[in-house]
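Let's take a friendly walk through this model together. Have the sequence and the structure open side by side as you read.

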Amino acid sequence: MKLKIDPERCQGHGRCYDLAPALFGEDDEGYGQVLGDGVVPANEQQTARLAVANCPERAIEIL
Ligand code: F3S
């Protein structure tokens, strides 16, 4: 599983990095960013799905 944020869709709601701080961070303006290469370790996959489901803009994709 690998994550990607669509920068065109992200509006900076911040739920991704609140819910899954091991997977997402924020840039200087509060927009979400995938940490590292976006590959999700096995023990974080449920958290990743939670973040995807909670983004109001549906900006997070699972590749
Ligand atoms: Fe952006 Fe969605 Fe996160 S709008 S900051 S990707 S919760």
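## The loop between β2 and β3

E29 sits in the loop that links β2 and β3. This is a predicted model, and in it E29 counts as exposed because just 6 C-beta neighbours fall inside 10 Å, where a residue with 12 or fewer is called exposed. Along the chain E29 is 17 residues from G12, yet their C-alpha atoms are 7.7 Å apart in space.

D28 belongs to this loop too, between β2 (24-26) and β3 (32-34). Is D28 buried or exposed? D28 is exposed, since 5 other C-beta atoms lie within 10 Å of its own. If you draw a line from the C-alpha atom of D28 to that of A51, you will cover 20 Å, for a sequence separation of 23 residues.

## Confidence and overall fold

How far can you lean on the model? The mean pLDDT of the protein is 98, with 100% of its residues at 70 or more. The scores for the model are ipTM 0.98 and pTM 0.95.

Two helices and four strands make up the secondary structure of the protein. Read from the N terminus, their order is β-α-β-β-α-β. Contacts that link distant parts of the sequence are well represented: taking pairs at least 6 apart in sequence, 61% join residues at least 24 apart.

## Size and burial

What radius of gyration does the protein have? The value is 10 Å, and this agrees with a compact globule, because one of 63 residues would have a radius near 11 Å. Along the principal axes, the C-alpha trace spans about 30 × 20 × 20 Å. Of the 63 residues, 24% count as buried.

## The nonpolar core

The largest nonpolar core has 14 residues. Which of them touch the most other members? They are C16, A20, L23, F24, A48, A51 and I60. Three elements each give two or more residues to this core: β1 (3-5), α1 (15-19) and α2 (45-54).

A48 is a good place to zoom in. Setting aside residues up to four places away in sequence, A48 touches M1, L3, A20, L23 and V40. Two of these partners, A20 and L23, are themselves listed with A48 among the core residues that touch the most other members.

## I5 in strand β1

Now turn to I5, which is part of strand β1. I5 counts as buried because it has 20 C-beta neighbours inside 10 Å, and 20 or more is what burial requires. Beyond its neighbours within four places in sequence, I5 is in contact with C10, G32, Q33, V34, A59 and I60. Among these partners, I60 also appears in the list of core residues that touch the most other members.

For a sense of scale, compare I5 with N43: the two are 38 residues apart in sequence, and their C-alpha atoms are 20 Å apart in space.

## Around the ligand

Which residues come nearest to the ligand? Of the 14 residues around the ligand, these are C10, R15, C16, G32 and C55. The shell around the ligand divides into seven nonpolar residues, five polar and two charged. C16 is worth a second look, as it is also named among the core residues that touch the most other members. C10 and G32 will be familiar as well, as contacts of I5.

## Two more loop residues

P21 is in the loop between α1 and β2. With 13 other C-beta atoms within 10 Å, P21 is partly exposed, because that count lies above the limit of 12 for an exposed residue and short of the 20 needed for a buried one. The C-alpha atoms of P21 and A59 are separated by 17 Å, with their positions 38 residues apart along the chain.

R58 is found in the loop between α2 and β4 (60-62). R58 counts as exposed because it has 11 C-beta neighbours inside 10 Å. The backbone deserves a look here: phi of R58 is near 50°, a positive value in a residue other than glycine. Most residues other than glycine have a negative phi.

Notes: Residues are numbered from 1 along each chain as its sequence is written. This is a predicted model: local features need pLDDT of at least 70, side-chain atom pairs count only at pLDDT 80 or more; totals for chains, interfaces and linings use all residues. A nonpolar core is a set of buried Ala, Val, Leu, Ile, Met, Phe, Trp, Tyr and Cys residues joined through C-beta atoms within 7 Å. Two residues are in contact if their C-beta atoms, placed from the backbone, lie within 7 Å. A residue is near a molecule or strand if its C-beta atom, placed from the backbone, lies within 6 Å of it. Ala, Val, Leu, Ile, Met, Phe, Trp, Tyr, Cys and Pro count as nonpolar, Asp, Glu, Lys and Arg as charged, and the others, Gly among them, as polar. pLDDT is the predictor's confidence in each residue, from 0 to 100. The radius of gyration is taken over C-alpha atoms; the globule rule is 2.2 Å times the number of residues to the power 0.38.
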